[in-house]
Structure formats: structure tokens, C-alpha cells
Amino acid sequence: MSASLKKFYIIAWLFGLIFYFLDYVIRSAPAVMIPELVSNFNTTELKLISMVGTYYYTYSTCSLIAGIALDKFGGKKSLFAGTLILGIGCLLFLISSQVAGVSGRLLQGAGCAFAFPGCVYLASKGFSSKSLATAIGFTQCIGMLGGTAGQFIVGPWVEKGVNIDTFWLWSGIVTIITALGLFLVIPKEDKAKEPGELGAKPIGYLEPYKIVFKNPQSWLCGITSGLLFAPTTIFAMTWAVAFFQKDKQFVFHEAAITSAMVAFGWVFGCPLLGFITDKIGRRKPVLVAGATLMIISLLQLIYLPDLYPAKISMFVLGLGSGAAMIPYSVIKEANPDFVKGSATGAINFITFGVTTLLSPVFSRWFGKSLDTSAGNIHFQHSVLFWIVGIVLAIVVSLMLKETGSRARSSL
């Protein structure tokens with residue numbers, strides 16, 4: 001690929017970051033407007049949180065579709081379709097109906113499934129392998145800025161009485177405008193004429209996934225990432241505000257800011273840990289170190305809460321959980337280059353498949369008892385649930401093969 005074309009892909013990647021920023025704003029915002037959404041959709045708080053959680057059903061499954069679309073149709077058509085679907089999902093939240101709410105959240109998940117694989121696809125076209133982990137880390141940094149905005153900014157808006165319809169209307173409009181922008185800036189690709197590998201004839205739609213899913217390393221990457229993602233996606237971005245309010249007796253504003261600190265930690269953790277892995281040429285040591293930092297932060301939160309404020313604990317949790325992005329580099333390095341899009345789609349599917357499985361378990365064990373809980377003890381037990389998951393992630397990560405530049409250069 002020529003240097004000039006690489007520059008165009010880097011520009012397109014920058015536009016893709018806007019899509020990913022909106023993805024996380026929309027993903028995290030419902031956590032700070034639960035009472036308003038309960039009223040809007042005329043439902044209960046528990047049913048509303050279950051409705052919000054349906055996002056991950058379509059997010060995980062449509063990640064596979066996104067991977068196929070990127071490999072077969074390229075970035076232009078794929079990212080345009082994903083962003084447009086997300087915009088429509090936002091606008092459906094304007095309708096005061098549970099059917100519209102569930103449909104909107106499902107469409108939001110389906111559209112957002114294209115954001116991260118699309119950005120990684122564009123980054124892999126524009127950046128060299130030596131700087132890809134840094135680019136992926138920066139991509140996630142932008143996403144987490146969106147997650148931070150979805151709680152830090154939207155929370156105070158809602159608290160001051162801003163109508164949630166205004167938020168969802170403008171989210172939909174801005175997202176659809178972004179879809180048009182992506183369609184204009186992403187370079188056109190003739191995927192039909194591209195070979196599968198080194199001059200071979202083009203491969204079928206499902207063949208890339210056969211290659212990726214037959215590789216045990218792909219599953220290890222997805223499970224590790226999923227177990228590290230879950231404390232942020234399920235706990236911090238869905239339940240944390242309610243848990244801090246009811247178990248720890250925080251006022252709404254304090255609870256919203258505290259939970260948002262996880263996403264703020266990601267802003268620094270993702271690019272920092274990605275940079276370190278590229279710098280030392282090793283993936284696994286940084287992955288294990290990040291997961292260990294997560295465990296330490298959660299143990300401090302429940303057993304030494306007076307050591308420093310919960311905001312700091314949650315920030316450190318977010319900082320360490322940036323390690324969840326490292327398997328996204330590993331899976332691309334552990335599979336052939338011609339299945340880049342499918343490899344990212346596959347790890348997104350496995351990662352958020354883990355989230356989809358854990359979400360109802362956490363809800364049943366800890367969410368249902370939130371209103372009748374014993375406060376601090378209930379909070380401790382709920383956090384220990386995530387600590388067990390992170391320990392399991394470390395165990396699984398030890399089975400990963402090292403794919404960093406130093407390991408490849410020694411072959």
C-alpha cells in the first residue's frame with residue numbers, strides 16, 4: 001500500500017474515532033438517567049436495567065457480522081451502515097413505549113458493534129505493526145472519553161432538569177451526520193478483486209471465521225478480554241450508580257461521578273498500556289500487570305475504603321482495565337493478515353458474549369437484592385464477584401502465546 005493511501009486511512013481512522021466516541025456516550029448514558037427512563041418507558045427499575053442490558057445481545061452477535069462486512073465490503077459501506085443503525089436506535093428512545101425502548105437499545109448495540117472493529121480495521125491499514133497496539137489503545141482512549149462524557153457530562157445535565165428526549169434527539173442527529181461523513185472520507189476499496197492471501201482466489205463469507213475460531217488462541221484472547229471488560233461494562237457503566245447510592249449511601253451526583261471515574265481511567269490506561277506493550281515488545285506481562293492492578297483497586301475499595309476516596313479506587317480500576325485491549329492486538333498477530341476484520345469481530349463477539357452471560361448472573365445474584373440489601377456487606381460481595389472473574393482472566397491469559405515484536409523477532 002502506498003504511503004499516500006496510508007495517510008488517507010489514518011484520516012479515515014480519525015473520523016472513525018468520532019463514531020467510537022458516540023458509541024460509548026450512548027452505551028453509558030442510560031446509567032445516569034435510570035429514573036427518567038423508568039418514567040419514560042413506564043416500567044420498573046429492574047426491568048429498565050434489563051432493557052439497557054439488551055444492548056450487549058446485539059453488540060456481541062453483530063460483531064461477527066461487522067467482521068464479515070469489513071473483510072468482504074471494506075470500511076466505507078460497513079461503517080456507514082453501522083453508524084446509521086446507531087442513529088436510528090437513538091431516535092427510537094424518543095418514543096415512550098417499552099417496545100420502542102427495547103428495539104432502540106438492540107439497534108444501538110447492533111450499530112455500535114461496527115465502531116471498534118471498523119476503527120481497528122482502518123488503523124491496521126494506516127499504521128505499521130510496530131505502532132498498532134498504540135493506535136488501538138488510543139482508539140479505546142477516545143471511546144472511554146465518550147464513556148466519561150456519557151456520565152460526567154450527561155449526569156449533571158439530567159440532574160439540572162435537561163429533558164432526556166433532548167439528549168436522545170441530538171445523539172441521533174449527530175450520529176447520522178457522522179455516518180455521512182464516514183461514507184465521504186473512507187477510501188473506496190474493491191474488495192471483490194482482492195485476493196484472499198498472496199494471490200489466492202477470494203475466500204468465502206464464513207471462511208475467515210473458520211480460520212479465526214479454529215485457532216485456540218482466538219478463544220483465549222476473547223475470554224481474557226471479556227473477563228477484564230465485564231467489571232467496567234456491567235458494573236461501572238450499568239449498576240455502579242445504583243450500588244453506590246443504595247449500598248454506600250452516596251448522593252446521586254457523587255455516585256455518578258464515582259462510577260464515571262472508571263471510564264476516565266481507561267482514557268489514560270488504554271493508550272499507556274498499549275504504548276508499553278509496543279515499547280517492550282511483550283504483551284503478556286503488561287496484560288497480567290493491568291489485571292493485578294484491577295484486583296488491588298477493588299480490594300482496597302471494599303476492605304480499606306478510608307485509605308483514599310472511592311473516586312480514586314474506580315480511576316485505578318479503569319487504569320488497570322486498559323489491559324483488556326491487549327488481547328485485541330494478540331488476536332490479530334495470532335491469525336493471518338487477510339482476516340483482520342474477522343479477527344476483531346470474533347474477539348468482540350467472544351468478549352461481549354462473556355458480558356452477555358455474566359450480566360443476568362450478576363443481576364440475579366446481586367441486582368435483585370439491591371433494595372433489600374445489608375448495605376456494605378452486599379457491596380463487598382458484589383465486588384468480590386468481579387475479583388474472581390479477574391483472577392480467572394489472569395489464569396487464562398497465561399495460556400496465551402506471546403506475540404509481541406520481541407517474540408516474533410526471535411523466531
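What is the volume of the second largest cavity? About 30 Å³. Hello everyone, let me walk you through that cavity, then a helix, and then a handful of single residues.

A word on the ground rules. This is a predicted model, in which local features need pLDDT of at least 70, side-chain atom pairs count only at pLDDT 80 or more, and totals for chains, interfaces and linings use all residues. Residues are numbered from 1 along each chain as its sequence is written, and side-chain values use heavy atoms, with hydrogens and water left out.

So, the cavity. By cavity I mean a set of points, on a 1 Å grid over the protein atoms alone, where a 1.4 Å probe fits but cannot get out; lining residues have an atom within 4 Å of a point. Grid points are joined across faces, edges and corners, and the volume is the space filled by probe spheres set on the points. Counted this way, there are 2 cavities of 30 Å³ or more.

Which residues line the second largest one? They are Met33, Val154, Trp157, Val158, Val162, Asn163, Ile164 and Phe167. In terms of chemistry, that lining has 7 nonpolar residues, 1 polar and no charged. Here Ala, Val, Leu, Ile, Met, Phe, Trp, Tyr, Cys and Pro count as nonpolar, Asp, Glu, Lys and Arg as charged, and the others, Gly among them, as polar. Helices α8 (132–159) and α9 (164–185) each supply at least two of the lining residues, and the largest share, 3 residues, comes from α8. Helices, by the way, are DSSP runs of H or I with at least four residues, numbered from the N terminus.

Now to helix α11, residues 216–246. Its 31 residues reach 42 Å from first C-alpha to last, close to the expected 45 Å; that expected span is 1.5 Å times one less than the number of residues. Where is α11 kinked? The kink is centred on Trp239 and comes to about 70°, the bend being the angle between axes fitted to the seven residues ending at a residue and the seven starting there. Of the 31 residues in α11, 26 are buried. For us, buried means under 20% relative accessible area, exposed means over 50%, and partly exposed is in between, with a 1.4 Å probe and protein chains only. At the N-terminal end of α11, Asn215 acts as a cap, with a side-chain oxygen 3.0 Å from the backbone nitrogen of Gln217.

Next, two loop residues. Asn42 sits in the loop between α2 (34–41) and α3 (45–53), and its phi is near 50°, a positive value in a residue other than glycine. Gln249, in the loop between α11 and α12 (252–280), has a positive phi too, near 60°. Are these residues buried or exposed? Asn42 is exposed, at 66% relative accessible area, and Gln249 is exposed, at 61%.

Last, three helix residues. Leu184 belongs to α9 and is exposed because its relative accessibility is 70%. Its C-alpha lies 9.2 Å from that of Ala12, 172 residues away along the chain. Leu145, in α8, is partly exposed at 34%, and its C-alpha is 9.6 Å from that of Phe268, 123 residues away along the chain. Finally, Gly353 in α16 (residues 340–367) counts as buried, since its relative accessibility is 19%. The C-alpha atoms of Gly353 and Ser4 are 38 Å apart, with these positions 349 residues apart along the chain.

Thanks for listening!

Technical notes
1 Å grid on protein atoms, 1.4 Å probe; cavity = no way out; pocket = protein on both sides within 12 Å on 5 of 7 lines; lining within 4 Å. Polar contact = N/O pair within 3.5 Å; in protein donor to acceptor, adjacent residues only side chain to side chain.
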